Protein chains: 4
Amino acid sequence: MTFAAELDPADAARSARAERRSAQLLEAAARLMERDGSHAVSMQSVAAEAGVSVGLIYRYFGSKDDLLLAVIIGVLDSFATRVPAAVEAAGDDPVHRLAAGFRAYCEVIDERRHAAVLTYRETKSLDEAGRARIKELEVQTSEPLRAALRAGVEAGVFDVPDLELAAYDLLLLAHAWALKHWYFERTLSLDTYAQRQLALVLKGILEPKHRRRYADLLTN
Amino acid sequence: MTFAAELDPADAARSARAERRSAQLLEAAARLMERDGSHAVSMQSVAAEAGVSVGLIYRYFGSKDDLLLAVIIGVLDSFATRVPAAVEAAGDDPVHRLAAGFRAYCEVIDERRHAAVLTYRETKSLDEAGRARIKELEVQTSEPLRAALRAGVEAGVFDVPDLELAAYDLLLLAHAWALKHWYFERTLSLDTYAQRQLALVLKGILEPKHRRRYADLLTN
Amino acid sequence: MTFAAELDPADAARSARAERRSAQLLEAAARLMERDGSHAVSMQSVAAEAGVSVGLIYRYFGSKDDLLLAVIIGVLDSFATRVPAAVEAAGDDPVHRLAAGFRAYCEVIDERRHAAVLTYRETKSLDEAGRARIKELEVQTSEPLRAALRAGVEAGVFDVPDLELAAYDLLLLAHAWALKHWYFERTLSLDTYAQRQLALVLKGILEPKHRRRYADLLTN
Amino acid sequence: MTFAAELDPADAARSARAERRSAQLLEAAARLMERDGSHAVSMQSVAAEAGVSVGLIYRYFGSKDDLLLAVIIGVLDSFATRVPAAVEAAGDDPVHRLAAGFRAYCEVIDERRHAAVLTYRETKSLDEAGRARIKELEVQTSEPLRAALRAGVEAGVFDVPDLELAAYDLLLLAHAWALKHWYFERTLSLDTYAQRQLALVLKGILEPKHRRRYADLLTN
DNA sequence: CATGAATGAGTTTTCATTCAT
DNA sequence: AATGAATGAAAACTCATTCAT
């Protein structure tokens, strides 16, 4: 019954259309907000950028805050899908999994550098519910790294006194590529950045006896 | 002429008065902006908070952006004075100097947690000149850490392939206490936070042969 | 041709359908406008209340003003049918006819209290033609009362120097049950209200020699 | 001390200026709202009518609703001052006091006919607090009439079973000159209107034995 | 006949900035 | 030096109306 309803061609077309619209608006809003900051972006300008009328935005997002929240969540979602995939693709070795996860994180950050900064800049504009949502998503995002660390500890490869902290540090160092890009870009490429940060952290947590095994990850 | 003017007691009184006024306004603005974000703070509300008229603010700061810039610079300045002092007080040992610097940084951040976040949130609102100024100050702020690292390397205690990176990482981890306070406060006190972060970084950069000597800094 | 067309069963069905639709929309609009005032009611909310689409409303009413006019006329029409009926049912005595008419008017007002107020509140929003229509209907509505007064004067029971005025006063006092309901409801029921108002007016217009005959109408 | 403060010339000048501004804005708003209805009047148009900027209105009235409330209260206040004065000026005779009060009420209504209608039309737009305020003021306004009736009853001149009702009826009949002006103006002048309404009501409440004494009030 | 997505002019409100006092 | 009344541009948001389907 529900199934039939969902197959109703009119409804399906409508919802597909809605999906497309929503994505189109989100994309336009993200583009502008990343560039200028949400406060400097008017609903008029979002409408213009998307090539629609102001009123239409309010059909899809109840308010400017809703729109901002949706933009930020969109960014975090894109993080949440790519990092785990990279970790899985890296095989069973916890060290390699951690390395792959961190690298993937850095890559995603690099691709949406401005969007990543948005999270830091604009969260204050959200209401408590929105902020809570963002925080929750961010913690989720770091889970693959935490899992790899945990696996490493259990396998006796890592010595990590505070798992939560170490995982969050990795996340932070990935974010830093966006946050302090103006500083790092002077001397580092993304690859070098990821490589060196990883080496630094690994030296801090690898059991000494395994250092040789992962020597290639520890050099710059 | 200028010299005479500066010694003129009337002028001196005037400039002292101006200094006090400026500080009073800055303090009021900082309080509000840290709490609500600069966009949510009106010049009239700053005036009210400081107990003066709107017009007066414009005697001391040319525009709202000027005021914001001054607030942020004020924050960074307070960082810039305390960290070097702590480093000096720590003696000659580069490791202890680094540790002292990082700890001091964390403490200052903790004292002005919201102000620290301000830097991340509001810099976008500034014009290019303002942003450049902020960046410059931030780099300066990290200089004591960089110096300690350099000294350690020269003394053969540290193995730091990328000095700039390591120094900035320490600065970042100090900032993180403010940026991700909602996360870390669940499990860590400021002292533990600083201690563990320091341990992690030191393990990553200490020459293995010196590990034992600084064992107390490496434990949690 | 027209005649044939009206007998065409398809046309008949269509117009019956249209009638029902129209009534359905009118009812929904009335409900909302009485409660919130026409300005606070959007066409989309009327559509939602009626369970149809916005577009459909425009098939039946050319504009929001048209809809409002139709709502008000609907209210006045319902007044215009019930009062004469009550008067007729009251027999031949002019005093009883007047009493019955006034009571009926009060009852109708009571049943659609908010609708009655609508007339006072919203007429200004109409164009001149609409307002003229409303006024005309209101005057019509008072006609049964005026007729009863006239008959009473001719029969020598009433002494009414200004018939128009007295008739309109009765209409106003009936309206007042709606307009000042917040005041009268504290101390009066509808029945008592109608009874006392009638007594007051009758004492003002009954020839003294007939007072005794209608004593029951003059007491409270 | 307080006295001295109130005599401070700067403060006095300021508050006088504010008073004038407030009156100016109120007047402009009243003019437009009476003519077009509050919903049809934009803050822009009020500003233009008053010859000031939009922003200034918000210095004196927090919102459009505040402004509307102030306009209505202004109208009711002008009623509340003139009617009691007229009653007092009429001497001791309760009948003459009542007559004077009613006439004064009608005159005030006549002078601000559109404003009087405003009360009926726009009260719905107010919040509950505003509506309560209006109702309270209206009841106050009718108090002089109620008092005269009461005095008449005590003096044995009036026979009024329901004092509240009769007083409110008089108030209503005065309002009716504004509400149904389009109808009454065809046949009546204000004087005749007041005279006839008064005659009608007096015939309804005067003890028969006093009819002759006030014969001039009972004729048209 | 019926839908509802889309429009965009119009509304209320805020606030950085100015300037006469 | 200090005030705060006044400005007016710009923002978020609404909703009557249209029209392709």
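How far is a phosphate oxygen of DNA strand E from an N or O atom in the side chain of C:R21? The answer is 3.1 Å. This is a predicted model, where local features need pLDDT of at least 70 and side-chain atom pairs count only at pLDDT 80 or more, while totals for chains, interfaces and linings use all residues. Residues are numbered from 1 along each chain as its sequence is written, chains are lettered from A and ligands numbered from 1 in the order in which they are written, and side-chain values use heavy atoms, with hydrogens and water left out.

**Around DNA strand E**

- There are 35 residues around DNA strand E, and the closest are A:R59, B:M43, B:Q44, B:K64 and D:K64; a residue counts as near if one of its heavy atoms lies within 4 Å of the strand.
- Of the strand E atoms that come within 4 Å of the protein, 60% belong to sugar and phosphate.
- A:R59 has a side-chain N or O atom 2.2 Å from a phosphate oxygen of strand E, and for a polar side-chain atom of B:K64 the distance to a phosphate oxygen is 2.8 Å.
- Elements giving two or more residues to this surface include α2 (9-36) of chain C and α3 (43-50) of chain D; helices are DSSP runs (H or I, at least four residues), numbered from the N terminus.
- The top contributor here is α4(C), with five residues.
- Sorted by type, the surface near strand E has 15 nonpolar, eleven polar and nine charged residues. Nonpolar covers Ala, Val, Leu, Ile, Met, Phe, Trp, Tyr, Cys and Pro, charged covers Asp, Glu, Lys and Arg, and the others, Gly among them, are polar.

**Where chains A and B meet**

- Chain A puts 39 residues in contact with 38 residues of chain B, contact being heavy atoms within 4.5 Å.
- About 3,700 Å² is buried between the two chains, with carbon and sulfur atoms giving 65%; that's accessible area (1.4 Å probe) lost on putting the parts together, summed over both.
- On the chain A side, A:K124, A:W182 and A:Y183 lose the most area to chain B, together 16% of what that side buries.

**Links across the A–B interface**

- Six salt bridges turn up between chain A and chain B, each being a side-chain nitrogen of Lys or Arg within 4 Å of a carboxyl oxygen of Asp or Glu.
- One salt bridge joins the side chains of A:D159 and B:K203 (3.6 Å, N to O).
- On the side of chain A that touches chain B, α9(A) gives the most, with nine residues.
- That side of chain A splits into 16 nonpolar, six polar and 17 charged residues.

Note on methods. Polar contact = N/O pair within 3.5 Å; in protein donor to acceptor, adjacent residues only side chain to side chain.
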